[in-house]
Every structure is written in structure tokens, then in C-alpha cells.
Amino acid sequence: MPIDYGFLMGFDIPEVRQSYGAAEVAHYGLTIGMGQDPLNMRALPYVGALADDSCVMPAIVNVLGHPGFWLGNPATGVNALKLVHGEQGMTIHRTLPPEGTVIGKTRITGLIDKGEGRGALLYSEKEIRDAETGDLLATTRGTIFLRGDGGFGGPQGPVKSVHELPETAPDHVFDTPTRPEQALYYRWNADPNALHLDPRVAAKAGFERPILHGLCSFGCAAHALLAVLCDYDAERFGSMDARFTAVVFPGETLRTEIWNDGSFRTRVLERDQIAIGNGLFKLRESA
């Protein structure tokens, strides 16, 4: 059954209410490689190591209030076996407190028909609000490439523009070694997709072994930006957007290459392949 454009654009994704605290904050930081250097005093507050100092890694908003795999609902008309996470972005409006309750509301913001046999692009947005005050804390953005769903008669644009990286060499590099079991930890950030966990599922998808979650790689890049451009000060972290360009296998090393204008990309050192490209980071305007 092909996608019904009007129905899918109006599809109601239930809001998610979630409480978090020290354990959730520390776990998230650890799953994206923070704390690998136990002597790095600037990173330790993000993994709950310092009793007198606690901070929240801004990229946690990508997993807070997560609605789950809602595109797996047959009512959407989407071929869930052929979708790929293409892009991710986030904007931090207010610094997250070390604990609290939030409400996440996800909605579809665009649906682009690339044509029969060419797939479609689904744009979505999630707002994270403080459950008590209603204050908007963060907005996340995602692009899903629906490889098996083109040709349903939807609009052919507008397509989101891509940030072009400078042609000069990057001004900074930041390495994050991932661990062989990293996906097994990261799955507890509300992403239990078997592609990242079960070798049998990975083999059926054409991979030699389970791949790392795209949002885990994105979180590793966010850590690099927090360290290099914000000096580990979450108050300065504004927004970041990037495109997923290749898979990462747990155990590989991610090198995030950063320019002073906020451009960035993340390279898999072992295969010299760009896993995250066309990245752009901005400092928070009120910082």
C-alpha cells in the first residue's frame, strides 16, 4: 500500500513524558565516550564523577522524550525495512537541569517524493519541554530516507539544503575511540534496534557485524564540539546539524575534524571514511 501523503503528514505521534536524573545523565555521557580519560576534570561532571559538580551533556535531548520506532506502525504506510536515518540536528534553547521531567512531542514537518524507485524524504521535529513549566528546552530535527516509498504523488520539494565544508584543512581534531560493546550500552538510550545488537539481523541487512547507532556517532561528534568549541561549557552549546554518510562499526575510532567557523565532519580512522559530513555547529546566542 503506497503512502497516503495527507494522512502521513497529519499522523499523530503520541507525546512522551520522561523523568531523568543522575543515572540517566551519566549513562548517556558514558555511552558517547565521555569519561574515557578519568583525569579530564572538564569531562567528569558529565558522567557523574564529581560530587560537587554535575552537568548534562546537551546531546542527550536526542534520546529524551523519544517516541520509539513509530514508523514501524503499519498505519503509516512506510516500508519500515528500507528506511535509513539520513540527517540529524538539534538546537538547545535552555540549559538542561541535572534532573527533571520532560515532555517530548514529535511531528512530521515535511515529506518529499523523489519519484518511483527513488524513495522519499521524511522530515520530523521533536520539541522537548519542561513538564512543570512548559518551557521549551530543546528542538531536535531528523531526516529519514524512505528507500522503498517513492512515487506516491507527493511534492518534490523543497529539499533541505546541505552545508558545504571549507576547502581548507580543519583547525582542530578530536578523537573518540569507540568500544566493541558500545552499541550494547547505547541501546538503553531508547534505541533497541536489532541491527545494532544481533549479528544475525546485521548479516541479513548486508553487514559483517552489528553497526553503531547513528545517534551514538552523532553524540561522539557533539562531545568533540563541546570540548573544542565550548571548552566543556554546556551553556555555550547552541545547535548542530549534520548528515550521516557511512556506517560505523563498534570498536572503530572516530576523528571529528572541526573548523573555527563551526563546520565539522567525523571520520572513521581505520577505514578513512567520512561517517558524518556537512556538519555545522553554532554557539548559543544568549551564551
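**Figure 1. Strand 4 in this predicted model is largely enclosed.** Strand 4 covers residues 120-130, and 8 of its 11 residues are buried, so the rest of the structure largely encloses it. Strand 4 is paired with strand 3 (residues 100-113) through 11 bridges, and the two run antiparallel. Strand 4 is also joined to strand 5 (residues 136-146), by 10 bridges and again in antiparallel fashion. In a regular strand, side chains alternate between the two faces of the sheet.

**Figure 2. Bridge partners and hairpin glycines beside strand 4.** Lys105 has Glu127 of strand 4 as its bridge partner. Ala120 stands opposite Leu146, a residue of strand 5. The hairpin of strand 3 and strand 4 has 6 residues between the strands, and Gly115 in this hairpin takes a positive phi near 110°. In the hairpin of strand 4 and strand 5, 5 residues lie between the strands, and here Gly134 has a positive phi near 80°.

**Figure 3. Helix 2 and the elements that cover its buried residues.** Helix 2 comprises residues 22-31. Its buried residues are Val25, Ala26, Tyr28, Gly29 and Thr31. An α-helix has 3.6 residues a turn, so residues three or four places apart point the same way. The cover over the buried residues of helix 2 includes strand 1 (16-20), helix 3 and helix 5 (214-230). Gly33, just after helix 2, takes a positive phi of about 95°.

**Figure 4. Asn189, a buried loop residue.** Asn189 is in the loop between helix 3 (182-186) and helix 4 (199-204). Its relative accessibility is 8%, and because buried means under 20%, Asn189 counts as buried. Leaving aside neighbours within four places in sequence, Asn189 contacts His27, Tyr28, Thr31 and Val63. Two of these contacts, Tyr28 and Thr31, are among the buried residues of helix 2.

**Figure 5. Helix 5, a mostly covered helix.** Of the 17 residues of helix 5, 15 are buried. At 1.5 Å a residue the helix should span 24 Å, and its end C-alpha atoms are 23 Å apart, which agrees. Asp231 follows helix 5 and has a positive phi, near 50°.

**Figure 6. Cysteines without disulfides.** A search of the whole structure finds 0 disulfides. Cys55 is in no disulfide, and the nearest cysteine sulfur, in Cys230, is 12 Å away. For Cys220, the closest cysteine sulfur is that of Cys216, at 4.6 Å. A disulfide needs the sulfur atoms within 2.5 Å, so this pair is too far apart for a bond. Cys220 is buried, with a relative accessible area of 1%.

**Figure 7. The whole protein, for placing the close-ups.** The protein has 5 helices and 10 strands. Its radius of gyration is 19 Å, close to the 19 Å given by the globule rule for 287 residues, so the protein is as compact as a globular protein of that length. The C-alpha trace spans about 55 × 45 × 40 Å along its principal axes. Of the 287 residues, 47% count as buried. Among contacts between residues at least 6 apart in sequence, 72% join residues at least 24 apart. The accessible surface comes to about 13700 Å², and carbon and sulfur atoms account for 52% of this surface.

Key:
Residues numbered from 1 in each chain as written. Predicted model: local features only at pLDDT ≥ 70, side-chain atom pairs only at ≥ 80, totals over all residues. Heavy atoms only, no water. Buried < 20%, exposed > 50% of the residue type's maximum accessible area, 1.4 Å probe, protein only. Helix = DSSP H or I, 4+ residues; strand = E, 2+ residues; numbered from the N terminus. Contact = heavy atoms within 4.5 Å. Pairing = 2+ DSSP bridges. Expected span 1.5 Å × (residues − 1). Rg over C-alpha atoms; globule rule 2.2 N^0.38 Å. Areas by Shrake-Rupley, 256 points an atom, 1.4 Å probe, with all protein chains shown as cover.
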